[in-house]
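Biologist: Could you take me through one part of this protein in detail, namely the second largest pocket, along with the cavity and the helix contact that go with that topic? I would like the cut-offs too, please.

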Amino acid sequence: MRNLSGDHIAEFVLVGFPTSPPIQLLLFALFLAIYLLTLLENALIISTIWLTPSLHRPMYFFLGHLSVLELWYINVTVPRLLGAFLILDSRVSFVGCMTQLYFFIALACTECVLLAVMAYDRYLAICEPLRYPSLMPSSMATRLAASSWGSGFFSSMMKLLFISRLSYCGPNIINHFFCDISPLLNLTCSDKEQAELVDFLLALVMILLPLLVVVSSYAAIIAAILRIPTAQGRHKAFSTCASHLAVVVIYYSSTLFTYARPRAMYTFNHNKVISVLYTVIVPFLNPAIYCLRNKEVKDALRKTVLARCHCPRSVPD
């Protein structure tokens with residue numbers, strides 16, 4: 001189908017996961033359960049940080065932003081994934097596809113920068129403990145969080161300006177469960193070299209530069225921890241950043257594999273499987289890692305849940 005101008009197709013057809021109906025229903029139930037648990041996990045973390053004064057510190061301020069981002073992220077992608085198991089060939093308009101792609105790229109880029117900001121915060125807390133309050137006041141934390149969101153959405157806007165200007169003359173079938181860059185660029189009937197170059201350069205800036213900040217921060221953190229004379233002191237210092245390090249490893253492993261895997265593995269079916277990893281599994285694991293590895297969050301979360309579940313008994317007259 002084409003629009004009135006004849007230059008662009010009017011809608012795209014998203015191919016889901018063609019398999020037997022029993023397996024489709026099983027996968028639908030599995031990912032629906034993961035989706036609901038992810039919503040619950042992140043909502044609990046946000047409310048716990050908001051309601052616990054002892055967590056009103058930069059480290060947990062950034063964690064709250066990460067949870068908000070994860071909530072937004074899964075609501076952009078997971079409903080499409082669930083629909084792919086029920087409707088094999090779902091349709092999305094050209095504008096709807098570009099809108100979904102914009103938010104998907106923006107949130108992914110924002111997460112890259114936010115994880116780097118969190119690594120820098122841990123570097124200051126461990127390597128500059130005496131100067132930490134002056135180096136990372138609440139105003140600085142707010143500016144860094146705002147910069148993370150702003151850079152992610154600006155990067156996505158720049159990518160989309162080039163992708164949306166391409167002509168899509170047909171076919172209009174996307175072998176994916178949501179609108180992603182690679183399947184879209186393979187459908188264009190115009191020269192895509194400029195759009196691919198912009199996508200590559202912005203990916204370098206938004207992935208490799210934050211990764212460089214993360215690696216540099218943790219190299220300095222590890223060096224500082226090794227200089228601590230007691231084993232108890234080393235364990236206490238490492239425990240403050242262990243959860244963030246685990247999240248960084250999981251997120252960047254899936255992201256870098258998406259961009260740097262061998263060409264022989266670059267197929268649309270592999271794209272869909274890998275997309276499930278970083279759009280569903282990673283957001284599901286992140287809150288669990290922070291709750292299991294961070295004692296302060298775990299204790300505050302327990303108190304928040306118990307306080308909400310506690311029903312005061314009526315006192316007899």
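Modeller: Happy to; here are the pocket, the cavity and one helix pair in turn. Please keep in mind that this is a predicted model, in which local features need pLDDT of at least 70, side-chain atom pairs count only at pLDDT 80 or more, and totals for chains, interfaces and linings use all residues. Residues are numbered from 1 along each chain as its sequence is written, and side-chain values use heavy atoms, with hydrogens and water left out.

The second largest pocket holds about 480 Å³ of space. Its 18 lining residues include Arg122, Lys236, Ser239, Thr240 and Glu296, the closest to its centre. On a 1 Å grid over the protein atoms alone, a pocket is an open set of points with protein on both sides within 12 Å along at least five of seven lines, a cavity is a set where a 1.4 Å probe fits but cannot get out, and lining residues have an atom within 4 Å of a point. Points are joined across faces, edges and corners, and a volume is the space filled by probe spheres set on them.

At least two lining residues each come from helix 2 (58–86), helix 3 (94–127), helix 8 (231–260) and helix 10 (295–309), and helix 8 gives the most, six. Helices here are DSSP runs (H or I, at least four residues), numbered from the N terminus. By class, the pocket lining has seven nonpolar, five polar and six charged residues; Ala, Val, Leu, Ile, Met, Phe, Trp, Tyr, Cys and Pro count as nonpolar, Asp, Glu, Lys and Arg as charged, and the others, Gly among them, as polar.

Now the cavity: the whole structure has one of 30 Å³ or more, with a volume of about 50 Å³. Its lining consists of Met59, Met118, Asp121, Arg122, Thr240, Cys241, Ser243, His244 and Tyr290. Helix 3 and helix 8 are the elements that give two or more of these residues, and helix 8 has the largest share, four.

Arg122 also belongs to the contact (heavy atoms within 4.5 Å) of helix 3 with helix 7. The axes of helix 3 and helix 7 (residues 193–226) come within 9 Å and cross at roughly 20 degrees; axes are lines fitted to C-alpha atoms over the stretch in contact, with angles from 0 to 180 degrees between N-to-C directions. The two helices are therefore roughly parallel, the term for angles under 35 degrees. Their contact residues divide into 20 nonpolar, one polar and one charged.

Key. Angles under 35 degrees count as roughly parallel, over 145 as roughly antiparallel, 65 to 115 as roughly perpendicular and the rest as oblique.
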